[in-house]
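Reader: I should be grateful for a close look at a single part of this protein, followed by an account of the whole to which that part belongs. Please begin with the surroundings of one residue and work outwards.

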Amino acid sequence: MTLDVHLGDLGFELIQERRGGSKRFARRSNPYLHQWVLIHPDGTAEFTWELELGAYLKAKGFHISVQDELSLLLFPSGEARGPADPDWLDDRLAEADGALDAVDLASGG
């Protein structure tokens, strides 16, 4: 299975195809979490995500001490790049889920 097909199966949509052959896919896996995959013509892919933390906390009844809480975003410190392969992507998605699951506001852990 190609990564393009796998992305479609996972709910990603092709949002941009550049002249050079790269393809950008996106999905919103919940109301606050966006994920993107960029497939390069050299057979590699990049994965990154962004959580609308301010919007999420506001929806939960919290107030953030910044002027524009809706622009408060959480994202990884770098994009992951590897082979344009479904298994590689599945591992990156699991890592992202694990990172978000590890956030524990109550205990600070």
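Author: In this predicted model, the residue chosen is E52, which touches R28, P31, Y32, H34, L72 and L73, leaving aside residues up to four places away in sequence. E52 is found in the loop that runs between β4 (44–51) and α2 (53–59). The relative accessible area of E52 is 19%, and the residue therefore counts as buried, the limit being under 20%. One of the residues it touches, H34, is also joined to it through the side chains, by a polar contact of 3.5 Å.

A second residue may be set beside E52. H6 has its place in helix α1. H6 has a relative accessibility of 12%, so it too falls under the 20% limit and is buried. The side chains of H6 and D90 are joined by a polar contact of 2.7 Å. Apart from residues up to four places away in sequence, H6 touches M1, P86, L89 and D90.

L89 leads on to the nonpolar interior. The largest nonpolar core comprises 15 residues, and L3, L7, V37, I39, F47 and L89 are those with the most contacts inside it. At least two residues of this core come from each of α1 (3–9), β3 (33–39), β4 and α3 (86–101). Of the core residues just named, I39 may be followed further: beyond four places in sequence, I39 touches L3, D4, L7, G21, S22, K23, F25, T44, A45 and A84.

These parts belong to a fold of three helices and five strands, arranged along the sequence in the pattern α-β-β-β-β-α-β-α. Among the contacts in the protein with a separation of 6 or more, 40% are between residues 24 or more positions apart. Of the 109 residues, 32% count as buried, and E52 and H6 are both buried.

As for the whole, the C-alpha trace spans about 45 × 30 × 25 Å along its principal axes. The accessible surface amounts to about 6,900 Å², and carbon and sulfur atoms make up 52% of that area. The protein carries 10 positive and 19 negative side chains, with 6 Å between the centres of the two sets.

Key: Residues numbered from 1 in each chain as written. Predicted model: local features only at pLDDT ≥ 70, side-chain atom pairs only at ≥ 80, totals over all residues. Heavy atoms only, no water. Helix = DSSP H or I, 4+ residues; strand = E, 2+ residues; numbered from the N terminus. Buried < 20%, exposed > 50% of the residue type's maximum accessible area, 1.4 Å probe, protein only. Contact = heavy atoms within 4.5 Å. Areas by Shrake-Rupley, 256 points an atom, 1.4 Å probe, with all protein chains shown as cover. Lys, Arg positive; Asp, Glu negative; His and termini not counted. Charge placed at Lys NZ, Arg CZ, Asp CG, Glu CD. Polar contact = N/O pair within 3.5 Å; in protein donor to acceptor, adjacent residues only side chain to side chain. Core = buried A, V, L, I, M, F, W, Y, C linked by side-chain atoms within 4.5 Å.
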